[in-house]
Amino acid sequence: MQVLRARHLLAATAIVSLLLPPGALAAPPSAEKRADREALRAALLEVLQRAPLKVSRVGVHMQSLDDGAVVFTHNADELLNPASNVKLVTSAAALATLGPEFRYETEFLVDPELGADGKVKTLYVRGKGDPSVTTERLWGMVSELWHAGVREVGEIVVDDSWFDAERTPPGYDQEDSDRAYMAPTGALSLNWNAAAIYLRPGASAGAKGVVEMEPPSDYFIVDNQLSTGARRARRVSVTSDPVGPQQKIVVRGQVPPERGGAVSVWKKIDNPPMYFGQTLKQLLGMRGVKAKGKVRAGVTPSRARAVYVAQSDTFDVLLKRLNKLSSNFVAEQLLKTMGAEGRGQPGTFTKGVEVVEQFLERDVGIQRGTYVMKNGSGLNDANRFSATQLNKLLRYMYERFPFAPEYLSSVPIAGKDGTLKYRFEGSDAVGRLRAKTGTLEGVSALSGYVTSAGGERFSFSMMVNDFAGRAGPIVAGLDALGAAVAATGSSLGPSSAVASLADGGKAAGAIGDVASRVKTYLELGRQRDPRNLGFLRTAWRSERDPAVRAVLAEGLYQSNPHDYLGARTLLDSYSAGSDVYGRLREVARVLAVEVPGVTSMVELAAGGNTEALARVLELAGATGADATAQGEMSVALGEVARTAPEELVVALRAASTSDREASTTLLARALVQTGQADHPFWKSLRKLVGAADPQVATFAKGLDSTLSQKVAEAKARPVEGAPVQVVAPAGTPPPATSKPQGSAPEARTAETHPGG
């Protein structure tokens, strides 16, 4: 009888444990664990009391995954813009609704059926939204068609009807850009719906430059106005515009003869199905299949018969591309896919959001109406979540074994890969913390998981909104918070981690010593050799002098300008303050060189990177009475105004009064020197005077008046200081925030304005 009672009691206990939330039956924390958590709370509070976090809107929520205890919370229920942390929501819903084994299909059909001679009157290509089709994969599909017996094709019909015709979701309309992180959706998509334009110098100065499209396709109309300039000439403007079913790429400017390799610029595709179809036609010809007819959009008839169906990798592989690289394009493709699979064809953004909302309410327990979700990527000002809500989602996914392995493996690992590759150096968080980043103008976020040095596991969400100035100090603060959690239970404790990361480990050396080290690192950076990346990365991680660290960051960028993370590292390391720009101006005088870092920063700004534009204006404001620095920044602003005029206006509007005053004065000098009447900046500025947004129009009108007056003043007196020609090739990667900058289109969707 006693044995029977014991069995009943054991069974009842098991049932209760299943009904209660995880950790509800866990033993109270030990005295040692309580002490560790108190130390953690103290360290986190210390970070939050530091500028600039103290004057920003910050939401933080951290919870133990072991016993369910909330170990720290701060404004955790306030709805904030999560930037790319929204991708955690999108990927969780997609994984739960589509399943980890889900594969996309792209169908190739013929009408009438394929004959013995291999001739096809019409080849239909029906897409289902696969975001992972690249030129290489498309070539493989063409080879499969060849092996299926296809030898000649009449017309090619691209069927994009699995998705609706709305290409971009809410939030994308807040900026007008042809950059790759703004790539549109499409049921038939190729290369993340972005195209690479490679620019190379000619044989000698003055010779015509070389413009190459990757992939080559009749979809593009290339207008090459590129020339080979002098040694310092780096003035490139690449624009794209739709022309009927094609896209026109216009390249103007100069590239230097000595630049190693080609300058690459990524632009979004305007017409995804036609881009896919024209490239397919090109590859068919290369494979030996005659393609005689035109490419047109249409719908596949029911009588058509499949000759080949291409499948994507399983969903876990796609998930890594989404979260580790913070791809806006993949996120929005997934949203429409959920809409089509869960609500029926065609997939729409609205249907996709409905599927996500159902998942959050039914499965996670987050009620509709308590958050705002308009798109799947987090781009611009379209979404609102609280730290508590994101943390609840993270806990739900962690506790669901069918999803947890794929979900956790998709987010970046601190100090190892993805958008966290260069963060948390030297802290206990390296290898222990996995989290999704998020970066927009005035927004920075980090949410994920961490195992502390003491062995306890935590989920956390941290979001910062409405901060002034650059993102670097905010990112350092978030890293300090994360490192503190990772250091919990270690011999040194969380306070030590905060001390080493929150202040950046700054230690300024004497100018003479700094100059000798800077000279060495500058030489390595000028080699533009990817083989130096390992050495430069190690040196950057261990360097404690902020000025030298900024030079190393520039070397990382120069050695691989196609890597978004190199640009991100430069943006985070370089500042207009006396500890970096001020000291590097002294170093430049000692070494008789241009101020290190300025050229690369202006390259990024000339490519439209919002954060780099803001930094250039800060540098202009920091020139003071230094005539040489003023001349250098005047030339820089003139080139930025040439290649990114509208973005410059936006940056000037957001700049501080002092930086705007200094920048417009130097810009006026540049307009006079370069023949201000013909400068394209005027056309863009006066276009903005008629903008639909009255605030933008008013600012543009005032700026037009101010610049006109300053141009007149600059004409009336000689310009002080001989300008040093620096800059500005547009557009070499990044996307991240704040526009994403990246080498591949998926990287461009990351971090700097794309929500990264």
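These exercises work through the fold of one predicted model, from whole-chain totals to single residues.

The model is predicted: local features need pLDDT of at least 70, side-chain atom pairs count only at pLDDT 80 or more, and totals for chains, interfaces and linings use all residues. Residues are numbered from 1 along each chain as its sequence is written, and side-chain values use heavy atoms, with hydrogens and water left out.

**Exercise 1. Take stock of the protein: how many helices and strands are there, and what share of residues is buried?**

Solution.
- Step 1: count elements. The protein has 25 helices and 17 strands. Helices (H or I, at least four residues) and strands (E, at least two) are DSSP runs, numbered from the N terminus.
- Step 2: check burial. Of the 756 residues, 57% are buried. Buried means under 20% relative accessible area, exposed over 50%, partly exposed in between (1.4 Å probe, protein chains only).
- Step 3: look at the surface. The accessible area is about 28,500 Å², and carbon and sulfur atoms hold 53% of it. The areas come from the Shrake-Rupley method with a 1.4 Å probe; for residues, only the protein chains shown count as cover.

**Exercise 2. Trace the sheet that contains S16: what is its strand order?**

Solution.
- Step 1: start at S15 (residues 433-440). Eight bridges join S15 to S16 (residues 443-451), and the two run antiparallel. Two strands pair if DSSP finds at least two bridges between them. Leu440 has Val443 as its bridge partner.
- Step 2: inspect the turn. S15 and S16 make a hairpin with two residues between them, and Gly442 there has a positive phi of about 80°.
- Step 3: go on to S17 (residues 457-465). Nine bridges link S16 to S17, again antiparallel. Ser447 faces Ser461, and Thr451 pairs with Arg457. This hairpin has five residues between its strands; Gly455 in the turn has a positive phi of about 95°.
- Step 4: assemble. The sheet is open, with five strands in the order S2-S1-S17-S16-S15 and antiparallel pairing. S2 (70-74) and S15 are the edge strands, each pairing on one side only. The twist averages 5° from one strand to the next.
- Step 5: add the helix. H11 (residues 472-486) packs on the sheet and touches S1 (57-64), S15, S16 and S17. Its direction makes about 15° with that of S16. Contact means heavy atoms within 4.5 Å. Axes are lines fitted to C-alpha atoms, for helices over the stretch in contact, and angles run from 0 to 180 degrees between N-to-C directions.
- Step 6: check the cover on S16. Eight of its nine residues are buried.

**Exercise 3. Test helix H20: what span should its residues have?**

Solution.
- Step 1: predict. H20 (residues 627-643) has 17 residues, so at 1.5 Å a residue the span should be 24 Å. The expected span is 1.5 Å times one less than the number of residues.
- Step 2: compare. The end C-alpha atoms are 25 Å apart, which agrees.
- Step 3: find the cap. Asp626 caps the N-terminal end, with a side-chain oxygen 3.1 Å from the backbone nitrogen of Thr628.
- Step 4: check burial. Of the 17 residues in H20, 14 are buried.

**Exercise 4. Place Thr348: is it buried or exposed?**

Solution.
- Step 1: locate. Thr348 sits in the loop between H7 (328-343) and H8 (349-364).
- Step 2: classify. Its relative accessible area is 15%, so Thr348 is buried.
- Step 3: list neighbours. Not counting residues up to four places away in sequence, Thr348 touches Asp164, Leu335, Lys336 and Gly339.

Technical notes
Polar contact = N/O pair within 3.5 Å; in protein donor to acceptor, adjacent residues only side chain to side chain.
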